[in-house]
Amino acid sequence: MNALDTKLLRDLWRLRGQVLAIAVVLAAATAIFVLSAGTHASLALTRDVYYARNGFADVFAELTRAPADITERAAAIPGVAKVEGGIRQLATLDMPGRHEPMRAIVISVPEYRPRQINRITLLQGRMPSPDAAGEIVADEAFAEANALRPGDTIDAVIYGKRQTLQIVGIGLAPDHIFSIAPGELVPDNRRFGVLWMGERALAAATDRVDAINTLVVLLEPDAVSGEVIRQLDRLLEPYGGTGAYAREDQISHALLDSELSQLDALTRVIPPVFLVVATFLVLFVLGRLIRTERAQIGLMKAFGYSNAAIGWHYGKFALVIAILASVLGCAAGVWMGRAMTELYAQYYRFPSLEYRLDPGVFLIAVGMAVGAAMLGALLGVRSAVSITPAEALAPPPPPIYRDGPFERLAVRAGLSPAGLMIIRHIARWPGRAVLTAGGVALSLGLLFATLQFHDSSRFMIQTFFLRAQAQDLTVTFTQPRNERALHELEQLPGVFRVEPVRAVPVRLSFANRSERGVIESVSDASQLSARIDRNGAKLAVPPRGLMLSRQLADQLGVSSGAEIEVRLLDGERTSTVHRVASVVDEVIGARAYAAEDTLLAITRDALPASGALLRIDPALRDDIIDRLGAMPGVLGVSERSAAFALFEDMIDDNLYTMLFVFVAFASAIVVGVVYNSARILFSERAHELATLQVLGYHRSEVAAILVGELALLVVLAIPLGCVVGVGLGQLMTAMFSSDLFRIPFAPARSTYGVSIIVVLVAAAATCALVARRVLALDLVRVLKARE
Amino acid sequence: MAGPPATPTAAPAFRALGLSKVYRTGETEVHALRGVDLDIAAGEVLVLLGPSGSGKSTLLNIMGGLDRPSSGQLFFGDEELTGLDDGGLTRFRRAHVGFIFQFYNLVPSLTAEENVRLVTDIAERPLEPMAALELVGLAKRAAHYPAQLSGGEQQRVAVARAIAKQPEVLLCDEPTGALDSATGIRVLEALVRINRERGTTLVIITHNSAIAGIADRVLHFLDGRIARIEHNASPIDPAGIVW
């Protein structure tokens with residue numbers, strides 16, 4: 001080993017505390033990147049493989065009833081590769097001892113050949129046999145949540161007829177990675193399931209022999225889904241088609257997609273913050289190291305070492321840190337990625353979900369770490385090699401202090417000499433102070449931005465479930481019903497209030513964009529529902545025209561005042577043009593609303609209720625649910641409190657792991673920044689600190705000067721960090737918002753407090769560590785050395 | 001017992017009994033002091049002479065409470081310094097001792113006046129910082145930072161800082177070592193003036209034997225012992241020194 005490399009090793013060992021502190025910050029960035037990019041890549045790949053292997057449909061269509069051979073006409077549409085028709089029917093389930101609304105979607109499977117599209121992966125048991133009427137395959141999530149096994153039976157009401165179903169198999173399908181009941185927002189595997197039943201048996205049960213009510217399509221590789229959808233809509237219109245839609249609008253796919261884009265957002269926002277801090281730290285520590293080595297650099301240059309050789313010597317110092325960080329970060333990222341993937345596995349139903357180690361991810365991660373460290377080194381070395389050997393060999397000139405505005409202010413404020421030392425030192429090296437305060441502020445911001453995520457998500461669901469809704473139960477009818485049905489509900493003992501839900505399926509079009517959805521009727525007189533914007537304010541319903549959620553307005557590219565085409569997707573299928581009266585910021589989804597009068601103008605007809613909202617006596621809940629389940633016109637019942645609890649659980653489960661990771665990482669930055677600042681401060685001021693002790697200052701008083709400077713910078717960093725946190729938090733909530741949710745930025749006040757406390761504790765612990773060195777200062781030796 | 005015992009002329013400020021100091025560096029032991037006995041009278045001017053490593057600085061550091069002897073006892077008045085812990089030594093320095101070093105040890109981020117205030121802020125009966133600077137003839141430079149002062153001026157600020165708390169003892173380690181002779185003499189004049197006007201005990205370490213002329217007694221150090229003591233019946237004025 002040559003002498004320079006020996007020196008390098010000894011320098012690394014001497015500065016091991018600082019080396020480790022930088023490496024930890026850099027490793028945190030690497031780990032987060034490997035974690036999120038790795039998890040994202042694994043999930044995306046697993047999904048794509050699953051979709052391809054099981055033939056996940058490209059286009060979906062639902063209709064009232066069509067002859068089974070309509071599939072042949074659909075297959076003739078240019079761009080269509082494969083078509084399959086089938087039956088989908090919602091059913092209510094009745095399980096002994098369960099007083100809760102349970103539903104399932106029953107889907108037909110061909111008995112004599114495997115499905116070509118949305119193929120089922122059988123995990124246990126077998127497919128239904130052609131001649132046994134009540135055999136079903138249950139989806140894994142539902143079976144697990146209800147402890148169902150092949151051989152178990154379930155009572156169901158399908159199409160108004162009670163039937164006993166026997167589970168013969170447990171399976172999965174790509175169109176139900178998430179299964180969500182119609183009208184619900186979160187998967188509830190206990191109360192909603194997917195059941196696959198033999199085609200003939202389901203046709204018989206639903207009175208649809210040789211008829212279908214659903215179509216799924218696989219497209220040719222280069223086909224455009226929009227054109228196929230248009231032709232399919234034309235084909236299916238006479239059969240009660242409610243508008244075909246592409247994968248993007250398929251609920252299971254959309255949910256998975258929103259989770260994946262959240263992970264992607266995480267990859268893009270968080271690691272850069274860590275990298276910026278780490279780069280500065282490297283710059284900071286190397287800059288300091290190089291300043292203390294002026295004479296040695298002068299000597300090396302005098303001996304004939306080139307600038308490049310000297311630069312490379314310090315570059316290697318940074319490289320060692322980067323490699324250490326890469327190893328630590330990749331290992332931690334893989335470890336956390338596995339844990340995270342396992343967590344996701346509880347939600348996503350893939351036949352196999354494996355954590356994949358994509359070499360590209362590691363390459364980028366190591367590249368980022370090395371890049372950040374080398375940039376830091378480059379900037380530090382540049383100043384060192386620019387001085388002449390003679391200059392470098394001479395002792396550095398003493399620092400010159402001059403009174404600027406800050407210093408004069410401090411003098412006028414009558415600060416003690418110790419206070420003046422702190423202020424002047426900060427003012428003399430403002431860049432360094434900015435770096436320390438900036439690093440602490442960034443980590444505080446990062447911490448706050450992640451912690452507030454929990455608040456904002458809770459605010460979102462509280463707005464949605466507690467403010468926007470006041471009903472206890474939501475009843476869905478098998479088909480739109482008139483006032484008599486509502487009256488029947490009112491008659492049930494324990495029902496206090498009934499309000500109709502009126503929603504009309506439509507396709508909204510503006511210019512060349514169109515979206516399918518429903519227009520919901522809203523009324524200011526409603527006691528059970530209200531429209532609440534994402535700041536928590538109640539929205540007034542416009543008397544005329546449509547009220548669109550921001551999400552939907554953005555998708556259509558319209559703003560308030562625009563005239564949009566509204567085409568009914570059932571009944572008369574008429575088209576009318578309506579004005580967008582207002583665009584509102586809601587927390588959930590793409591939605592359209594109108595007052596009843598406007599809705600009547602759209603339907604040109606009476607406005608039947610598709611369901612009802614109920615407020616009930618909680619004491620009679622079980623009884624009411626049982627009675628509702630027995631009513632033939634009732635397709636399903638959902639409970640607000642259950643949905644709310646489920647949503648909360650989902651947010652907690654998903655976020656807590658992440659939050660723990662971020663609290664740990666943000667603390668790592670604080671420790672890294674403060675530790676390095678303190679060490680540098682300490683080594684530069686050891687002489688002054690010793691002098692003070694000789695003059696009769698107690699060690700604690702001397703330590704207070706050292707800690708005081710850091711404390712001042714940390715305190716200055718706190719408001720700055722809050723500003724950074726608010727900005728970063730807004731960016732993150734915006735990036736995490738999907739087609740399904742718009743997360744408002746609504747941090748709790750306590751979150752500011754918690755973030756600040758975490759930062760202060762980390763900073764204080766680090767300061768204490770360095771202050772101990774003041775206590776161990778060897779006065780005689782320090783003072784004998786020339787300044 | 002090494003070296004002849006010193007004879008006090010008044011109430012002793014310091015009394016050292018058998019002070020020894022052994023430094024261990026790795027495998028080797030360095031005997032910096034080998035059983036020094038010494039009485040120093042209050043108000044006395046003492047000059048310590050001797051080659052490097054003869055034990056002068058070690059004795060000065062122990063007297064100032066910056067270091068502890070390996071064995072032996074040291075009294076300041078009635079108080080045994082060798083029995084004090086860290087906090088006790090700090091309180092001793094704070095109350096009684098002023099230090100002056102070869103390289104000034106001023107705080108660069110504080111002006112001359114503020115450097116003095118560092119001490120007056122924690123002393124019990126200090127001079128006004130400006131009065132202390134006046135004593136060394138630097139009142140006009142009070143608002144200057146160390147980097148704006150010459151070496152001699154910096155050392156005189158150090159003197160002002162040391163005397164501002166009105167210590168009983170001034171310990172000076174090579175106070176003129178980094179100065180030219182004219183500047184050095186001005187610093188010595190300031191020190192002697194303090195001694196005469198306020199009765200401050202003055203202990204000066206130097207390599208420069210010309211300075212010995214201002215002392216009441218001169219202690220010659222060799223190999224950790226006091227080899228010889230010179231009594232000066234009539235000390236001369238610093239102005240009369242030539243080197």
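Tutor: Before we start, contact here means heavy atoms within 4.5 Å. Also, this is a predicted model.

Student: Got it. What share of the contacts in chain A between residues at least 6 apart join residues at least 24 apart in sequence?

Tutor: That share is 83%.

Student: And how many helices and strands does chain A have?

Tutor: There are 22 helices and 21 strands in chain A. Its C-alpha trace spans about 100 × 55 × 55 Å along the principal axes.

Student: What percentage of chain A counts as buried?

Tutor: Of its 787 residues, 56% do. The chain exposes about 32,700 Å², with carbon and sulfur atoms supplying 58% of that area.

Student: Speaking of carbon, which residues form the nonpolar patch on the surface?

Tutor: A:Leu20, A:Val24, A:Leu324 and A:Leu328, with about 300 Å² of accessible area together. Helix H2 (16-54) and helix H9 (307-345) of chain A each give at least two residues to the patch. A:Leu324, for one, sits in H9 and is partly exposed at 34% relative accessible area.

Student: Switching to A:Thr463: buried or exposed?

Tutor: A:Thr463 counts as buried, because its relative accessibility is 3% and the cut-off for buried is under 20%. The residue lies in helix H14 (residues 430-467) of chain A.

Student: What lies 2.6 Å from a polar atom of its side chain?

Tutor: The backbone oxygen of A:Phe459 does. Leaving aside neighbours within four places in sequence, A:Thr463 is in contact with A:Ala468, A:Ile532 and A:Asp533.

Student: Salt bridges next. How many turn up over all chains?

Tutor: The search of the whole structure finds 39. One of them joins A:Asp94 and A:Arg162, with the closest N and O atoms 3.3 Å apart. A:Asp94 is in strand S3 (residues 88-94) and A:Arg162 in strand S8 (residues 161-172) of chain A, so this pair ties together parts 68 residues apart in sequence.

Student: How exposed are those two?

Tutor: A:Asp94 is partly exposed at 35%, while A:Arg162 counts as exposed at 52%.

Student: Which side chain of chain B meets A:Arg699 in a salt bridge?

Tutor: That's B:Asp86, at 3.1 Å, N to O. The pair crosses between chains, from helix H20 (residues 699-736) of chain A to helix H2 (residues 86-96) of chain B. B:Asp86 is partly exposed, with a relative accessible area of 37%.

Student: And within chain B, what does B:Asp39 pair with?

Tutor: B:Asp39 forms a salt bridge with B:Arg15, the closest N and O atoms being 2.9 Å apart. It links strand S2 (residues 28-41) to strand S1 (residues 12-25) of chain B, and the two residues are 24 apart. B:Asp39 is buried at 10%, whereas B:Arg15 is partly exposed at 37%.

Student: Any odd backbone angles? Which residues that are not glycine have a positive phi?

Tutor: B:Gln166, at about 55°, and B:Glu174, at about 50°, are two. Most residues other than glycine have a negative phi. B:Gln166 is in the loop between helix H5 (151-163) and strand S7 (169-173) of chain B, and B:Glu174 is in the loop between S7 and helix H6 (181-198) of that chain. B:Gln166 is partly exposed at 23%; B:Glu174 is buried at 11%.

Student: Last one: where in chain B does pLDDT stay under 50?

Tutor: Over residues 1-9, for which the model has 16 contacts beyond four places in sequence. Where pLDDT is low, the predicted coordinates should not be read in detail. For chain B overall, the mean pLDDT is 87, and 95% of its residues reach 70 or more.

Technical notes:
Residues numbered from 1 in each chain as written. Chains lettered and ligands numbered in written order. Predicted model: local features only at pLDDT ≥ 70, side-chain atom pairs only at ≥ 80, totals over all residues. Heavy atoms only, no water. Patch = residues over 30% accessible without salt bridge, like charges linked within 9 Å, V, L, I, M, F, W, Y side chains within 5 Å. Areas by Shrake-Rupley, 256 points an atom, 1.4 Å probe, with all protein chains shown as cover. Salt bridge = Lys/Arg side-chain N within 4 Å of Asp/Glu carboxyl O. Helix = DSSP H or I, 4+ residues; strand = E, 2+ residues; numbered from the N terminus. Buried < 20%, exposed > 50% of the residue type's maximum accessible area, 1.4 Å probe, protein only. Polar contact = N/O pair within 3.5 Å; in protein donor to acceptor, adjacent residues only side chain to side chain. pLDDT = per-residue confidence, 0-100.
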